[in-house]
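Student: I am new to this protein and would like a close look at one part of it. Could you start from a single pair of charged side chains and then show me what surrounds it?

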Amino acid sequence: MEHAVVLFDGDCNFCDSSVQFIINHDPAGYYQFASLQSEIGQELSKKHKVPEDVDSLVLIKDGQAYVKSEGALMISNHLTGLWKLAFYLKPFPRALRDGAYDVVAKNRYKVFGKLDSCMLPPPHIRKRFLDK
């Protein structure tokens, strides 16, 4: 099975919740995960030329990195349920979508806080995490 990789801010409660949400709505296991702070996350960011100022979710799919709203919408396309419909927001101007995304990303620590520790997923989920 082909996989895509979601890079996320390993210190952020909102990003952690987003990863949990993706896991819960991706029963086929299409997405794998790595924190941006990890060795593999940094390697993938460099390899796919992710801008250094991007510090939230990044999707790596088919050899290309998708950031900000583009990444979030691409992720939604493989989720179960009505979440697939979010993909249809793509026709909205990217500047508008990224503007909304940036507001959430900029305030995520203030609103959602930082993690003191990471969750330990069960083995069947743990194998989807690429962190070394």
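Student: Where do aspartate 98 and arginine 94 lie, and how many residues apart are they?

Tutor: Happy to help! Both residues sit in helix H4, four residues apart, which is about one turn of the helix. A word on the model before we go on: it is predicted, so local features need pLDDT of at least 70 and side-chain atom pairs count only at pLDDT 80 or more, while totals for chains, interfaces and linings use all residues. Residues are numbered from 1 along each chain as its sequence is written, and side-chain values use heavy atoms, with hydrogens and water left out.

Aspartate 98 and arginine 94 form a salt bridge, their closest N and O atoms being 3.5 Å apart. The term means a side-chain nitrogen of Lys or Arg within 4 Å of a carboxyl oxygen of Asp or Glu. In general, side chains of opposite charge can pair when their charged atoms come close, and in an α-helix, with 3.6 residues a turn, residues three or four places apart point the same way. At 14% relative accessibility aspartate 98 counts as buried, whereas arginine 94, at 39%, counts as partly exposed. Here buried means under 20% relative accessible area, exposed over 50%, and partly exposed in between, using a 1.4 Å probe and protein chains only. Other charged residues are linked too: salt bridges with shared partners join Glu70, Lys90 and Arg97 into one network.

Let's follow that network. Glutamate 70 and lysine 90 form a salt bridge with closest N and O atoms 2.4 Å apart. Glutamate 70 belongs to helix H3 and lysine 90 to the loop between H3 and H4, so their pairing ties together parts that are 20 residues apart in sequence. Glutamate 70 is buried, at 11% relative accessible area, and lysine 90 is partly exposed, at 26%. Beyond its neighbours within four places in sequence, lysine 90 is in contact with Glu70, Leu73, Met74 and Arg97, where contact means heavy atoms within 4.5 Å. From C-alpha to C-alpha, lysine 90 is 8.8 Å from methionine 74, although 16 residues separate them in sequence.

The loop that holds lysine 90 also holds leucine 82. Leucine 82 counts as exposed because its relative accessibility is 69%. With Leu85 and Tyr88 it makes a nonpolar surface patch of about 400 Å².

Helix H3 itself is largely enclosed by the rest of the structure, because seven of its nine residues are buried. They are Ser69, Glu70, Gly71, Leu73, Met74, Ile75 and Ser76.

One of these, Ile75, leads us inward. It is among the residues that touch the most other members of the largest nonpolar core, which has 18 residues; the others are Val6, Ile22, Tyr31, Phe33 and Leu59. At least two residues of this core come from each of strand E1, helix H1 (13–24), strand E2, helix H3 (68–76) and helix H4 (94–112). A nonpolar core is a set of buried Ala, Val, Leu, Ile, Met, Phe, Trp, Tyr and Cys residues joined through side-chain atoms within 4.5 Å. Isoleucine 22, leaving aside neighbours within four places in sequence, is in contact with Val6, Tyr31, Phe33, Ile75 and Leu79. Apart from this core lies another, of 11 residues, including Val5, Leu7, Ile60 and Val67.

Tyr31 and Phe33 bring us to strand E2 (residues 31–35), where five of five residues are buried. Tyr31, Phe33 and Ser35 are on one side and Gln32 and Ala34 on the other, so to speak two covered faces. Strand E1 (residues 4–8) pairs with E2 in the parallel sense over five bridges, with leucine 7 of E1 partnered by alanine 34; strands pair if DSSP finds at least two bridges between them.

Finally, the whole protein chain has five helices and four strands, in the order β-α-β-α-β-β-α-α-α from the N terminus. Helices (H or I, at least four residues) and strands (E, at least two) are DSSP runs, numbered from the N terminus. Of its 132 residues, 43% are buried.

Key:
Patches are made of residues with over 30% relative accessible area and no salt bridge: like charges are joined within 9 Å, nonpolar side chains (Val, Leu, Ile, Met, Phe, Trp, Tyr) within 5 Å. Accessible areas come from the Shrake-Rupley method with a 1.4 Å probe; for residues, only the protein chains shown count as cover.
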